[in-house]
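Here's a quick tour for someone meeting this structure for the very first time. Have a look at the model, then read on.

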Amino acid sequence: MQAITVQDRAAGAGGLTLAELPHPHAAENDVIVKVHAAGFTPGELDWPGTWTDRAGRDRTPSVPGHELSGVVVELGYGTTGLTIGQRVYGLTDWARNGTLAQYTAVEARNLAPLPADVDHVTAAALPISGLTAWQALFDHADLRTGQSVLIHGAAGGVGSIAVQLARSAGAHVIGTGRADDRDRALGLGAHAFVDLQAEKLEDVGDVDVVFDVIGGEILERSTALVRPGGTLVTIAEPASVHPRDGRAVFFVVEPDRARLSDLAQRVRDGRLKPLVGDVRPLDEAIAAFTPAKRTPGKTIIRVTED
């Protein structure tokens, strides 16, 4: 099968190649998925799991990408809950070969059934962004109706989902980003928007929750905005400065089949719309890691035509 592989850590995206790999093996409780569409995170080439397995052993050449939508073609021993021919989508393990391939092996518990009326490209844009946004807002920050939330990167893959989920939960939503993100963030449901390049973040005032996807100076400045009892949640890096009378939480997204099913239902109902940017074939995935220009939405690799 064809797959994007990486072997030289020092080379970064320059070390990505399109190669032929053996068909994956389905271990116990695995399924083999024929990948129709896949998502990736450019920064994953810096993640330890891209290069080593859970025991710390080198596992290159490895296949990047951790989001997929496709069809089950094989069941491993002991696998239950899914059937051959079933449409599925989900999140693959960080320390195993990923989704930028024609086929991949995935633990069945990391996948959810995909309704027939949700297309594979849309579904592939949802697992990391959707689960990250939900877990940040509700599992870690306990966001509730009537509270206020500041969402950085409100027009990005994760932030755009967070804006929609927070608005649907009855929160007052303030988004941040660049000037050309304003209309998009407001259109997704943000009540207000801050241009981080031209406006003063501190003018936002106190909020109950800050959700950070940027890190660095923005993360540090955001701690002062959390009102007593509030929560700062970040996926960028552990916070070096904590809110004076609140909490700071850094986390890595976890698979959740039940939540994936809920997110897919929200897409079906029109309550949630993942932002899809460029859609490229597998042989253009390498170029997608280092795009020539910034585009809104998540880049998706279409591996197999529907």
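The buried residues of helix H6 are Leu260, Leu263, Ala264, Arg266 and Val267, where buried means under 20% relative accessible area, exposed over 50% and partly exposed in between (1.4 Å probe, protein chains only). These residues sit on the same side of H6, because the arc they cover around the axis is only 155°, taken from the directions from the helix axis to the C-beta atoms. Their cover includes strands E5 (87-91) and E7 (111-113), along with helices H1 (120-124), H2 (127-140) and H3 (157-168). Helices (H or I, at least four residues) and strands (E, at least two) are DSSP runs, numbered from the N terminus.

This is a predicted model, in which local features need pLDDT of at least 70 and side-chain atom pairs count only at pLDDT 80 or more, while totals for chains, interfaces and linings use all residues. Residues are numbered from 1 along each chain as its sequence is written, and side-chain values use heavy atoms, with hydrogens and water left out.

Back to H6 and its ends. At the N-terminal end, aspartate 256 acts as a cap, with a side-chain oxygen 3.2 Å from the backbone nitrogen of alanine 258. After H6 comes glycine 270, with a positive phi near 80°.

Now for a loop residue: is asparagine 110 buried or exposed? Asparagine 110 counts as buried, because its relative accessibility is 3%. You'll find asparagine 110 in the loop between strand E6 (103-107) and E7. Leaving aside neighbours within four places in sequence, asparagine 110 is in contact (heavy atoms within 4.5 Å) with residues including Tyr89, Asp93, Pro255 and Leu260. Leu260 is also one of the buried residues of H6.

Two other loop residues have a positive phi without being glycine:

| Residue | Phi | Loop | Relative accessibility |
|---|---|---|---|
| Asparagine 29 | near 70° | between E2 (16-20) and E3 (30-39) | 35%, partly exposed |
| Aspartate 142 | near 55° | between H2 and E8 (148-151) | 42%, partly exposed |

There's a cis peptide bond too, running from threonine 60 to proline 61, with omega near 0°. Proline 61 is in the loop between strand E3 (30-39) and strand E4 (67-75).

Finally, what lines the largest pocket? Its lining has 40 residues, and Thr41, Pro42, Gly157, Val158 and Val213 lie nearest the centre. H2, H3, strand E9 (172-177) and strand E15 (298-302) each supply at least two lining residues.

Note on methods: A polar contact is a pair of N or O atoms within 3.5 Å; within protein, one must be able to donate a hydrogen and the other to accept it, and residues adjacent in sequence count only if both atoms are side-chain atoms. On a 1 Å grid over the protein atoms alone, a cavity is a set of points where a 1.4 Å probe fits but cannot get out, and a pocket is an open set with protein on both sides within 12 Å along at least five of seven lines; lining residues have an atom within 4 Å of a point.
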